[in-house]
Amino acid sequence: MDSRWDELPTEARHAESADLDLLASARIVELLVEEDRRGLERVREQAQELARVADGMAETIAAGGDLLFAGAGTSGRLGVLEAAECPPTFGTAPERVRAVMAGGADAVFRAVEGAEDREDDGRAAVAGLSAADLLIAVSASSVTPFALGALAGARARGARTVLLTCASRQGLDGVADIVIALDTGPEILTGSTRLKAGSATKAALNALTTTAMVRAGKVYGHWMVDLRAGSSKLVDRAVRIVADAGGLEREAAAELLRRSGGEVKTALVAALAAVAPEAARVLLERSGGRVRQAISAGDSPC
């Protein structure tokens with residue numbers, strides 16, 4: 001792919017920020033926030049494509065495959081953040097939803113200059129993927145060699161591939177199975193894609209993972225019922241979920257959660273289907289871990 005940086009929309013000059021250094025601070029803030037809003041509109045316009053990818057992510061999880069995010073710089077860090085949040089929020093195994101970044105783990109905290117230019121590193125980073133897995137490469141510009149190498153390497157191994165970019169779709173046919181091109185345009189600070197492009201990318205990733213986990217049965221109503229209560233806050237949230245969704249007083253919810261081994265899903269099914277935690281686990285297993293179906297099965301005559 002021709003990497004003419006001066007022709008990239010994300011490198012173009014923004015008409016409203018030509019005299020950025022002369023503007024009042026409040027006006028600079030207004031411009032930045034307004035551009036973020038425009039970026040979010042571009043994400044909303046891609047709702048159908050994002051939903052398509054989210055469904056594919058849910059299918060990958062259901063089939064026992066892995067989800068992998070790959071990127072460099074801000075894009076890579078956003079992928080790392082998304083992968084890191086899935087285990088506590090949705091109870092996924094860390095090895096099932098993970099991320100790789102140009103420059104390795106150190107690059108998450110400190111820029112490793114030149115790492116994004118190493119296409120071979122991108123290929124090597126996805127060497128463990130197979131046809132059961134799905135790669136989401138994140139590249140604001142669409143031409144980052146590390147991300148393109150990861151896509152090429154994943155496709156060579158039969159994995160499904162997605163490119164999430166803030167560039168236009170032009171010239172990206174064949175780069176990935178699905179291309180989500182947000183086309184966010186120029187930045188207020190020319191070329192600084194950690195700004196609007198970063199905000200739009202984070203919103204798109206939020207939509208992908210949350211929708212995928214809803215489809216995968218890790219949500220009941222609006223509650224995150226597969227959370228891992230690894231902190232005092234999450235322990236309290238687990239109790240509140242069982243109390244609110246199960247129609248119980250807090251003390252009763254805490255006791256039922258204790259008898260359920262801390263498993264929110266088990267406690268909820270036990271409460272709503274009026275069965276013991278042991279029977280609730282069986283119902284959940286038969287229902288593929290989906291709370292609503294398990295409750296319905298518990299209510300059905302044998």
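Trainee: Leaving aside its neighbours within four places in sequence, which residues is Ser75 in contact with?
Mentor: Before we look, remember this is a predicted model, where local features need pLDDT of at least 70, side-chain atom pairs count only at pLDDT 80 or more, and totals for chains, interfaces and linings use all residues. Residues are numbered from 1 along each chain as its sequence is written, and side-chain values use heavy atoms, with hydrogens and water left out. Contact here means heavy atoms within 4.5 Å, and with the sequence neighbours within four places set aside, the partners of Ser75 are Val138, Ser139 and Ala140.

Trainee: And is Ser75 buried or exposed?
Mentor: Ser75 sits in helix 3; helices (H or I, at least four residues) and strands (E, at least two) are DSSP runs, numbered from the N terminus. The scale calls a residue buried under 20% relative accessible area, exposed over 50% and partly exposed in between, using a 1.4 Å probe and protein chains only. Ser75 has 8%, so the word for it is buried.

Trainee: What about the whole chain: what percentage of its residues count as buried?
Mentor: The chain carries 11 helices and 5 strands, and its C-alpha trace spans about 65 × 50 × 35 Å along the principal axes. Among contacts with a separation of 6 or more, 62% come from residues 24 or more positions apart. Out of 302 residues, the share that counts as buried is 45%.

Trainee: In what order do the strands sit in the sheet?
Mentor: Two strands pair if DSSP finds at least two bridges between them. Strand 2 (97-101) and strand 5 (178-181) each pair on one side only, which puts them at the edges. The sheet is open, the pairing is parallel, and the order of its 5 strands is 2-1-3-4-5.

Trainee: Which residue is the bridge partner of Leu68 in strand 2?
Mentor: Strand 1 covers residues 67-71 and runs parallel to strand 2, with 5 bridges joining the two. For Leu68, the partner in strand 2 is Arg98.

Trainee: Then which helix packs on the sheet and touches strand 1, strand 2, strand 3 and strand 4?
Mentor: Angles run from 0 to 180 degrees between N-to-C directions, on axes fitted to C-alpha atoms, for helices over the stretch in contact. From one strand to the next, the twist averages 20 degrees. The helix you want spans residues 145-156, and its direction makes about 165 degrees with that of strand 3 (134-138): helix 5.

Trainee: How many of the 6 residues of strand 4 are buried?
Mentor: Strand 4 runs parallel to strand 3, joined by 5 bridges, and Leu134 has Arg160 as its bridge partner there. Strand 4 is largely enclosed by the rest of the structure, because the buried count among its 6 residues is 5.

Trainee: I was checking backbone angles. What is the phi of Ser142, about how many degrees?
Mentor: Ser142 is in the loop between strand 3 and helix 5. With a relative accessibility of 6%, Ser142 counts as buried. Its phi is positive although it is not a glycine, at about 80 degrees.

Trainee: Last one: Asp183 also has a positive phi, so is it buried or partly exposed?
Mentor: Phi of Asp183 is near 50 degrees, again in a residue other than glycine. You'll find Asp183 in the loop between strand 5 and helix 6. Its relative accessibility is 36%, so Asp183 counts as partly exposed.
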